[in-house]
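Let's work through this model by asking what each label means and what earns it. Have the structure open beside you as you read.

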Amino acid sequence: MVRRRVPIGLDDDGKPIMKQVKGRSEYEAMVKAGKLMLFAGLLDEYLPEQIHSKPKQIPTFGELAERWYKVNKAGNPKLKPATKADYRRLLDKYLLPSLGRRPVNEITPTDLQELLNGISGVADSTQKRIVVTLRQIFEIALQEGHITINPAKAKLNRTGAETKDGRALTGEEWKRVQGLLGGMQEQDWLFTALLMYEGLRRGEALGLLWENIDFARDVIQITQQAAFNNGDNTPTIQAPKTKTSARTIPLVEPMKAMLQQVKPKGRYIVGNSDSPYTKSALTKAWRRIKKATGINDLHPHMFRYSHATRLHELGVDDKSIQHWEGHASQETTTKIYIKQTENMTEQAGKILSDFAMKAGQ
């Protein structure tokens, strides 16, 4: 690989701005260097008059962003519909209203910082995705010679609010919810129990079929999920979130007993019909569940945190918890899902006390 440094202009102090080009040979590196200098306008005085006088068509940010989305996101068969919808939302809600009509060569790092300052109320994780998206779009502008420096690669200070860590149910809350299951509507306690005892994602629970339950082997096979893409009320049945999300997990005894009480009336467990829950039906169900439990900040993913935390408290190794939760990495399990509890701290204190007592004998 041949690397060369090429001048592409001067900064405010008159010092050369250099950019590195790479090629598989000296020839390829020099051709790339020439193109870069040409696009930067450094060779204008050496061009024939008819070329020199021809105006360069600079696209707007919106035109480039739409082309980037169509080719790299919407047309990518490997991306899930929810991921495509998220990129579409970032463009429509945050980027196009602010930058859409502006020529890409007129947008500066200061403009991008002003954009971030103006959306300080959004989560930091959202601002992070916005910056990554901006860098990808401006990289196309750079490759096509519309700009000489990617403004999104400057030092940009994200101003979004820090994402709050999800919490797990306390031991007392867990016991209270467990005691209330019998008083809920059948579909509400089925849904709640699947989240609580099996640690399923919301979409996994909604997409679970009776045929996925193996009562003889006491296992549940996670093969699909129900996803509400693009704000649709009717879910799309699709593959699990990641490769590791397709898994076989234990069917715990309380869950088994509950499922055996239900007479199947359709393929899907939640809803007990041949069609999965709609988004509106899910919203109504969750309102009933929150009201029944009395936990105001309750949300489906809280049961995932609780499930992982309870397993850890009970001495299950983190690798096994990772598989049960369907996480791609153990770091996700240990750093995000397993929450520190008073029980863990007390247990650690007892272990150290026992060690110190024995050591002093």
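Q: Why is Asp 218 called partly exposed?
A: Its relative accessible area is 27%. Buried means under 20%, exposed means over 50%, and partly exposed is in between (1.4 Å probe, protein chains only). So 27% puts Asp 218 in the partly exposed class.

Q: What kind of model is this, and which rules go with it?
A: It's a predicted model, where local features need pLDDT of at least 70, side-chain atom pairs count only at pLDDT 80 or more, and totals for chains, interfaces and linings use all residues. Residues are numbered from 1 along each chain as its sequence is written, and side-chain values use heavy atoms, with hydrogens and water left out.

Q: Where is Asp 218, and what about its phi is worth pointing out?
A: Asp 218 sits in the loop between β3 (213-214) and β4 (219-222). Strands here are DSSP runs of E with at least two residues, helices are runs of H or I with at least four, and both are numbered from the N terminus. β3 and β4 make a hairpin with 4 residues between them, and Asp 218 in that turn has a positive phi of about 55°. That's a positive value in a residue other than glycine.

Q: How do you know that β3 and β4 are paired?
A: Two strands pair if DSSP finds at least two bridges between them. β3 and β4 are joined by 2 bridges and run antiparallel, so they meet the rule. One of the partnerships matches Asp 214 with Val 219 in β4.

Q: Which strands make up the sheet, and in what order?
A: The sheet is open, with 3 strands in the order β3-β4-β7 and antiparallel pairing. β3 and β7 (247-250) are the edge strands: each has a single partner strand, so one side of each has no neighbour in the sheet. Between β4 and β7 there are 4 bridges, again antiparallel. Val 219 has Pro 250 as its bridge partner in β7, and Ile 220 stands opposite Ile 249 in that strand.

Q: What makes Asp 218 and Lys 256 a salt bridge?
A: A salt bridge needs a side-chain nitrogen of Lys or Arg within 4 Å of a carboxyl oxygen of Asp or Glu. The closest N and O atoms of Asp 218 and Lys 256 are 2.7 Å apart, so the pair qualifies. Asp 218 is in the loop between β3 and β4 while Lys 256 is in helix α10, so the pair ties together parts that are 38 residues apart in sequence. Lys 256 has 14% relative accessibility, so it counts as buried.

Q: Which residues are joined in one network of salt bridges?
A: Arg 24, Glu 28 and Lys 32 are, through salt bridges that share partners. The whole structure has 21 salt bridges.

Q: How far apart along helix α4 are Arg 89 and Asp 86?
A: They're 3 residues apart in α4 (residues 81-99), about one turn of the helix. Their closest N and O atoms are 3.2 Å apart, and they form a salt bridge. Arg 89, at 33% relative accessibility, is partly exposed, and so is Asp 86 at 21%.

Q: Is Asp 111 buried or exposed?
A: It's buried, because its relative accessible area is 15%. Asp 111 meets Arg 102 in a salt bridge (3.1 Å, N to O), and Arg 102 is partly exposed at 28%.

Q: Why is Asn 272 called buried?
A: Its relative accessibility is 6%, so Asn 272 counts as buried. Asn 272 lies in the loop between α10 (253-261) and α11 (279-293). Its phi is positive, about 50°, although it is not a glycine.

Q: How do you know that the buried residues of α13 are on the same side?
A: In α13 (residues 318-325), the buried residues are Ile 321, Gln 322, Trp 324 and Glu 325. They cover an arc of only 165° around the axis, which puts them on the same side of α13. The arc is taken from the directions that run from the helix axis to the C-beta atoms. After α13 comes Gly 326, with a positive phi near 80°.
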